Amino acid sequence: MTSTIVEALQSLRGMVDLLPEQIGLWQHVEAVAREQFRRAGVQEIRTPLLEVTELFARGIGEATDVVGKEMYSFLDRGERSCTLRPEGTASVVRAVIQHGLLSQGAQRLWYGGPMFRYERPQKGRQRQFHQIGVELLGVGDPRSDVEAIALAWDLLEALGLDDLTLELNSLGTAEDRASYRAELVRWLEAHLEDLDPDSQSRVHTNPLRVLDSKDAATQALLAGAPQLGDALGGESHQRFSRVRQGLEALGIPFRLNPRLVRGLDYYSHTAFEITSTHLGAQATVCGGGRYDGLVQQLGGPATPAVGWALGLERLVLLLAQRQTAPATPPPPDLYVVNRGEAAEAWALALTRRWRLAGLAVELDLSGAAFGKQFKRADRSGALWAAVIGESEAAEGVVVLKELRGEAGDDRRLAPEAVASALGLATP
RNA sequence: GCGGGCGUCGCCAAGUGGUUAAGGCAGCGGCUUGUGGCGCCGCUAUUCGGGGGUUCGAAUCCCCUCGCUCGCCCCA
């Protein structure tokens, strides 16, 4: 035993441990998602956590906050600029291009895992966080927008979340957006003095965001501003209405939000967010949309695509609030109480044998008095205890004891008979 | 990056300048070296996130720092 004279180390800020008691909920979410994707013919892809910085700069956009000030970037030993992925789409698209997957037709992919963004942590926002995302590449039909949204909606519903809101908007084509942006900037510049300071600073950095201002006076003023919807070309308009019709046909409720703007540059046409009112400031559980230009922008063939990503921390937060999932790990089938030199050695061997036979077995390694071991056996939640003491070891038998209910009759059994005895007793 | 709140044992928590830092839960040990779920007894913070300062004296006051948290921003 050494006394603790050194200071204990802590995890980095915004980096969170997931402890055994919470992991059940995560595994539940993952299992439900996997099943949904299996049914939908969406296949898993795993890409590296680390990518060349340029991938994100080019894919997400130099000017975005994510790229501009939130990335974990560093030079590796070969002086290459590397970045811990802040999102999944760019990596998936890179992998798809790199391996020529699109030459084999449309790709239906999902991914999951940690993402990294250097932000100030708060509720529902960490520096390492986890996403599950879907990317449908190679299909431009508005039905694919609808299918992608349905996939997200149904997954959340399968998890028991029914009071979420789907917000929908169309950003049009890149050209639609560029001309609207120019028009909006002109208008904002003309009204610059009347805007709140926050919005003023955004006029040139992120003008579309001004539309989302929380300042009441700015909002009132904005009533007279040009609308993104009016700037959409005829084709974009038609596309958007087909997406809306598709959602209506599926009975998926949505709310049009003309101010919904995605923060990553690659989005076009359909943009959506699924939000909750129970998450505080970070209300978005799932966000996504169409990104028809990205594949080409990253050096691949012109390819239409839609996708979304879902924030697992926020999702788990919601599930925990509703106590939807129990999440406690299952108890062992059998708890092995053992004491005495020969008995302890034999108990270890038997434990291994029973595990190979398919039982979940917990072996008491304390060497403590039988009374203590029985207390632990009870607390383990096991239905049965196998008792192995000196006399059992000598005779080559174990005592099988029922832990639940009244003191049942203990049975002395050969070790080989234990698995089937439990099998019979456990329906 | 900017604001507000908070930080006493693994968890919950009393204590707000006076010297042994309550209590509960959990854990460990004993009553009981071989039979449990109960009970009883005992142990578990030389120390109050960390560092510095003020003071005869600090968990309690001041400064710095780290972390958590809520909001802004941003996003999932």
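## Strand 6 and its partners

Nine of the ten residues of strand 6 are buried, so this strand is largely enclosed by the rest of the structure. The model described here is predicted.

Strand 6 covers residues 128-137 and runs antiparallel to strand 5, residues 107-116, with ten bridges joining the two. Within this pairing, Gln107 has Leu137 of strand 6 as its bridge partner, and Trp110 is matched with Val134 of strand 6. Strand 6 also pairs with strand 11, residues 305-311, in the antiparallel sense, here over seven bridges. In that pairing, Leu136 stands opposite Val306 of strand 11.

## The eight-stranded sheet

These strands belong to an open sheet of eight strands with the order 1-5-6-11-10-9-7-8 and mixed pairing. Its edges are formed by strand 1 (43-44) and strand 8 (255-256); each has a single partner strand, so one side of each is left without a neighbour in the sheet. In general, the strands of a sheet pair through backbone hydrogen bonds, in either a parallel or an antiparallel manner.

Strand 9, residues 268-275, contains His269. The phi angle of His269 is near 55 degrees, a positive value in a residue other than glycine. His269 has 27 C-beta neighbours inside 10 Å and therefore counts as buried.

## The nonpolar cores

The largest nonpolar core comprises 56 residues, and those with the most contacts inside it are Ala148, Ala152, Leu156, Val285, Cys286 and Leu310. Helix 5, which spans residues 142-158, gives the most to this core, contributing eight residues. A second, separate core has 21 residues, including Val337, Ala347, Leu350 and Val361.

Leaving aside residues up to four places away in sequence, Val285 touches Leu156, Leu164, Ile274, Thr275, Ser276, Leu310, Gly311, Arg314, Leu315 and Leu318. Leu312 lies 27 residues from Val285 in sequence, and the two are 7.9 Å apart in space, C-alpha to C-alpha.

## Leu312 in helix 13

Leu312 is placed in helix 13, residues 312-321. Because 22 C-beta neighbours lie inside 10 Å, Leu312 counts as buried. With residues up to four places away in sequence not counted, Leu312 touches Trp26, Val29, His130, Gln131 and Ile132. Strand 6 spans residues 128-137, and His130, Gln131 and Ile132 are among the contacts of Leu312.

## Helix 2, helix 4 and the loop at Glu79

Helix 2 (residues 53-60) packs with helix 4 (residues 89-98) at an angle of about 105 degrees, and their axes are 9 Å apart. The two helices, helix 2 and helix 4, are therefore roughly perpendicular to each other. Helix 2 makes the contact through Leu55, Phe56, Gly59 and Ile60, and helix 4 through Ala90, Val93 and Arg94.

Glu79 is located in the loop between strand 3 (72-75) and strand 4 (81-84). Although Glu79 is not a glycine, it has a positive phi of about 65 degrees. Glu79 has 6 C-beta neighbours inside 10 Å and so counts as exposed, whereas His269, with its positive phi, counts as buried.

## The five-stranded sheet

A further open sheet has five strands in the order 13-12-14-15-16, with mixed pairing. Strand 13 (361-363) and strand 16 (411-413) stand at its edges; each has a single partner strand, so one side of each is left without a neighbour in the sheet. On average, neighbouring strands of this sheet are turned by 30 degrees against each other, direction ignored.

Within this sheet, strand 12 (residues 334-338) pairs with strand 14 (residues 384-388) in the parallel sense, over five bridges. Leu334 stands opposite Trp384 of strand 14. Helix 15, residues 370-380, lies across strand 12, strand 13 and strand 14, and runs at about 170 degrees to strand 12.

## Confidence of the prediction

Chain A has a mean pLDDT of 89, with 94% of its residues reaching 70 or more. Among the elements of this chain, strand 1 has the highest mean pLDDT (98) and helix 17, residues 418-425, the lowest (76). Over residues 1-5 the pLDDT is below 50, and this stretch has zero contacts in the model beyond near neighbours in sequence. The model scores are ipTM 0.85 and pTM 0.90.

Terms used. Residues numbered from 1 in each chain as written. Chains lettered and ligands numbered in written order. Predicted model: local features only at pLDDT ≥ 70, side-chain atom pairs only at ≥ 80, totals over all residues. Pairing = 2+ DSSP bridges. Helix = DSSP H or I, 4+ residues; strand = E, 2+ residues; numbered from the N terminus. Core = buried A, V, L, I, M, F, W, Y, C linked by C-beta atoms within 7 Å. Buried ≥ 20, exposed ≤ 12 C-beta atoms within 10 Å, placed from the backbone. Contact = placed C-beta atoms within 7 Å. pLDDT = per-residue confidence, 0-100. Axes fitted to C-alpha atoms, helices over the stretch in contact; angles between N-to-C directions. Parallel < 35°, antiparallel > 145°, perpendicular 65-115°, else oblique.
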